[in-house]
Amino acid sequence: MPFAPESRALYSRLRRWFAKHARPLPWRGQTDPYRIWVSEVMLVQTTVAVGIKRYPRFLKRFPTLRSLARATLDDVMKEWEGLGYYHRARYLHQAARIIQDQYGGVFPSEYDEIRALPGVGDYVAAAVSNFCFGTRVPAIDANVARVGARLFGITGGVRNGPVRAKVYRELSKLMTVGNGAIWTDALIEVGALICSPRSPGCPSCPLTQNCRAFEKGHPDKYGMPEARTPRSEVQVACGIIRRGDGKILIAQRLETGLLPGLWEFPGGKQQAREALAETCRREIEEELAIEVRIGRKRMVVRHAYSHYTVRLHVFDCVYLSGRPRKIGCQNWRWVRPTELHALAFPSANRAIIEAIGGIPTENSQS
Ligand code: ADE
């Protein structure tokens, strides 16, 4: 292979470039596995810009593995609110308890043990292992998959398993020298700062002289994800159900399925040929076995999830009869609007809480 990248020379260029250009990020340079694990789990589906704000906040709330393990799941979900992909918060909490119970509170140091923790996939296990325990395992997230596909000239969409497997094999051959933490951080940084999806900055890239995609003249033809099918839109109706004393009924979603364990205004998906007010009434009855009177439509909130968007039609409702039962939910509560801000809701619900006066201002904290 005439173009075989020279591991040591390539590593030296990458390391020097990283030392000069790396962004100062709050998790950089740390070696405490608890802190690195939290950062990597957060960053898998959260942008660096959001991570910069939310990572320090999470660590302030749960500074140690022990504090996370001792917290209630509700507290962890509340802290995770707004970050999306809520199964991550449940797994962090579950894994913290496993480490506390089965490893005496000491973060496991073997790759296979880390990989076996709930919510930890190949990427997070490799990153934690490289940053904290001195290994050199290719850590392939979306950025590194793109950089690798270009460096090695691998064609095909990078969301796809076989392409990632080839990148993994080639990177393993390269990562036989140097420091695994620097390899990991520097490849992530090249992907974030230079090797962008559409207009890679090849002239300033430390990998250009070894890059097959550059050599072939069209780096942007490599390392792209397969096209996604367009997001469909789902119509959902929900109710702000009030009773005489002004309290509102909220329900907690099941631990299985979407948005597990989050609180919500009761409701659900519209069925074919169903009026939205009827959807609202039917879903409330199916979920809680109560009867309500549907009033005016208060607002419509649109929210985009990864594979679909939701249009949430919010109705004012009056509670009529029946003691709520846990049929399609794991719990329910009557709360004052001012109590809502302390519970974890899906992002789409924040606008509703705000509209009914449930977000405290400086003067209204109760
Ligand atoms: N994305 C995922 N992991 C990251 C890290 N350690 N630094 C910057 N961006 C990341």
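**Ligand contacts and cysteines**

Trainee: What makes the ligand's approach to the side chain of Tyr-123 a polar contact?

Mentor: A nitrogen atom of the ligand is 2.9 Å from an N or O atom in the Tyr-123 side chain. A polar contact is a pair of N or O atoms within 3.5 Å, so this pair qualifies. The side chains of Trp-27, at 3.0 Å, and Glu-40, at 2.7 Å, likewise place an N or O atom by a ligand nitrogen. The protein covers 95% of the 260 Å² of accessible area (Shrake-Rupley, 1.4 Å probe) that the ligand has on its own. The model is predicted: local features need pLDDT of at least 70, side-chain atom pairs pLDDT 80 or more, and totals for chains, interfaces and linings use all residues. Residues are numbered from 1 along each chain as its sequence is written, and side-chain values use heavy atoms, without hydrogens or water.

Trainee: Which residues are around the ligand, and how do they divide?

Mentor: Leu-25, Trp-27, Arg-28, Glu-40, Leu-43, Val-48, Tyr-123, Asp-141 and Ile-188 surround the ligand (a heavy atom within 4 Å). Six are nonpolar, three charged and none polar; Trp and Tyr count as nonpolar, Arg, Glu and Asp as charged.

Trainee: Why is Cys-280 not in a disulfide with Cys-317?

Mentor: Their sulfurs are 4.1 Å apart, and a disulfide needs two cysteine sulfur atoms within 2.5 Å, so there is no bond. The structure holds zero disulfides. For Cys-329, the nearest cysteine sulfur, in Cys-238, is 14 Å away.

Trainee: How do you know whether Cys-280 and Cys-329 are buried or exposed?

Mentor: Relative accessible area is 0% for Cys-280 and 3% for Cys-329. Buried means under 20% (exposed is over 50%, partly exposed in between; 1.4 Å probe, protein chains only), so Cys-280 and Cys-329 are buried.

Note on methods:
A polar contact is a pair of N or O atoms within 3.5 Å; within protein, one must be able to donate a hydrogen and the other to accept it, and residues adjacent in sequence count only if both atoms are side-chain atoms.
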